[in-house]
Amino acid sequence: MSERHSGGARRDGGRPQVIGVLFGGPSAEHEVSCASALGVARALVGGGYQVVALGVTRQGRLRLVPEETLAAHIDGTAAARAIDDRLSVTGAAVELRAGERPGTALVTGAESPGEVHAVLDVVFPVLHGPYGEDGVVQGLLESLGVPYVGCGILASAVGMDKVAMKRALRAEGVPITPHVWFDEHTYRTTEDVEKLVVGLRRPLFVKPARMGSSIGISRVTEDDDLAAAVEEALRHDNLVVVEQGVTGRELECGVLGGTRPEASTVGEVRVTGGWFDYQQKYFGDADPMVVPAVLPDEVTERIRDLSLRAFAAIGGWGLARVDFLYDESAGELYVNELNTMPGFTAHSMYPKVWAAAGVGYQEIVDRLVALAVERQASRPTSEEGQA
């Protein structure tokens, strides 16, 4: 890798820390992950880390992006739309293995395990949705014993599963919207789908329980077909959540940290057409994000406090974005969801709310890498665990 792309975030021996950036994956959020990963890779390179880009195909295969390809993406001119400015999953087939030195992972040839392409000090899994943000990859990285950025297995799984997440939030007294959930079998064996949502007022939001980026979500009013919305959600998951809509403002807050996490400035998403769907998020021409959100100080502080409480409720570590619905007329706040690996493009809300709080993109990435190392260092050794 050229000198420009392997600067000065140093580890032992004076060498730059080697960060493996995992991206892509089999989920419907593949392209979003590729766009987020390019933003992260640019920041890491700018901070002096050596970056190894590891793309995951839609079939779950790992590819080592060639250095020259990564360099061309990093040095390229950013596209107007964040979704168009992204890494591509290409390169030789590789595997991750535990390193001989504790706390490292090896990138080896898939067909030639003895061929070591890189030794990773930290893995940054910039993966959105199932198989990347739900504890699956986190479990793999735990088994390798390598430090990794973001929430652990349990917090990732709870944050991805809206049913489990709502249970955790409710148990800790964090306000959530009225909702029901059911699986595909229950839906198929119920004659009238309306019986499954008794007690909820329209509009309703029908969602796959384990998907992000507004994929598979439908807004259902009195005149809409509820069954069609459920069928759409079931295309992405066999568990469905139906939430009672709240007429109000969509607000978001970032959380960053480990044992003593901090909350960012609050941002607002102003949408057209009723709600912030996938099309508006990634293909709209206008920027719908207002940072900071114009709110009374007391409401801002409540949001920041609830963000930290929600983060603690799932056992978060590293980062999360907490999304709120604010019923201004009633003065009520509801946590809609947590995202344990939020979008990381230059246009994403997470870096924007932290920038408004005085924490730039580069500092976010530096702190996340440091938090990954801190968590790994704080764990008991095997000898201590056997005592």
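Here is a guided walk through this predicted model, from the whole chain down to single residues.

Let us begin with the chain as a whole. The protein chain contains 12 helices and 16 strands. Its C-alpha atoms fill a box of roughly 65 × 55 × 50 Å along the principal axes. How does its radius of gyration agree with that of a compact globule? A compact globule of 387 residues would have a value near 21 Å, and the protein chain has 21 Å, so the two agree. Of the 387 residues, 55% count as buried. You can also ask how far along the chain the partners in a contact lie. Among contacts in the protein chain with a separation of 6 or more, 68% are between residues 24 or more positions apart.

Now find the sheet. Seven strands form an open sheet with mixed pairing, and if you read across it the order is 6-5-4-3-2-1-7. Strand 6 (116-120) and strand 7 (122-125) stand at the edges; each has a single partner strand, so one side of each is left without a neighbour in the sheet. On average, neighbouring strands here are turned by 35 degrees against each other, direction ignored.

How does such a sheet hold together? In general, the strands of a sheet pair through backbone hydrogen bonds, and they do this either parallel or antiparallel. You can find both kinds here. Strand 1 and strand 2 run parallel and are joined by 7 bridges. To see the match between them, look for Gly20, which stands opposite Val52 in strand 2. Strand 5 (residues 105-109) and strand 6, on the other hand, run antiparallel, and 4 bridges join them. There, Thr108 stands opposite Val116 in strand 6.

Next, look at what lies against the sheet. Helix 1 (residues 30-46) packs on the sheet and touches strand 1 (18-24), strand 2 (50-56) and strand 7. The direction of helix 1 makes about 160 degrees with that of strand 1. Strand 2 is mostly covered, with 6 of its 7 residues buried.

Helix 1 has a helix partner too. Its axis and that of helix 2 (residues 67-75) come within 10 Å and cross at roughly 90 degrees. Helix 1 and helix 2 are therefore roughly perpendicular to each other. From helix 1, the contact uses Leu38, Ala41, Arg42 and Val45, while helix 2 brings Leu70, His73 and Ile74. Sorted by character, the residues of this contact divide into 5 nonpolar, 1 polar and 1 charged.

Stay in this area for a moment and find Arg86, in the loop between helix 2 and strand 4 (92-98). Is Arg86 buried, partly exposed or exposed? Its relative accessibility is 32%, so Arg86 counts as partly exposed. Leaving aside neighbours within four places in sequence, Arg86 is in contact with Glu31, Cys34, Ala35, Leu38 and His73. Two of these names may sound familiar: Leu38 and His73 also take part in the contact between helix 1 and helix 2. Arg86 also shows how folding can bring parts of a chain together: Arg86 and Ser36 are 50 residues apart in sequence, yet 7.3 Å apart in space, C-alpha to C-alpha.

Further along the chain is another pair of helices. The axes of helix 4 (residues 153-160) and helix 5 (residues 162-171) come within 5 Å and cross at roughly 105 degrees. That crossing makes helix 4 roughly perpendicular to helix 5. Val158, Gly159 and Met160 in helix 4 meet Lys162, Ala164, Met165 and Ala168 in helix 5. This contact is made up of 5 nonpolar, 1 polar and 1 charged residues.

Finally, a few details of the backbone deserve a look. Most residues other than glycine have a negative phi, and most peptide bonds are trans. Which residue has a phi near 75 degrees? The answer is Tyr131, where the value is positive although the residue is not glycine. Tyr131 sits in the loop between strand 7 and helix 3 (136-144). The peptide bond from Arg202 to Pro203 is cis, with omega near 5 degrees, and Pro203 lies in the loop between helix 6 (184-188) and strand 9 (204-208). The peptide bond from Val291 to Pro292 is also cis, with omega near 0 degrees. You will find Pro292 in the loop between strand 14 (289-290) and helix 9 (297-313).

Key:
Residues numbered from 1 in each chain as written. Predicted model: local features only at pLDDT ≥ 70, side-chain atom pairs only at ≥ 80, totals over all residues. Heavy atoms only, no water. Pairing = 2+ DSSP bridges. Helix = DSSP H or I, 4+ residues; strand = E, 2+ residues; numbered from the N terminus. Axes fitted to C-alpha atoms, helices over the stretch in contact; angles between N-to-C directions. Contact = heavy atoms within 4.5 Å. Parallel < 35°, antiparallel > 145°, perpendicular 65-115°, else oblique. Nonpolar A, V, L, I, M, F, W, Y, C, P; charged D, E, K, R; others polar. Rg over C-alpha atoms; globule rule 2.2 N^0.38 Å. Buried < 20%, exposed > 50% of the residue type's maximum accessible area, 1.4 Å probe, protein only.
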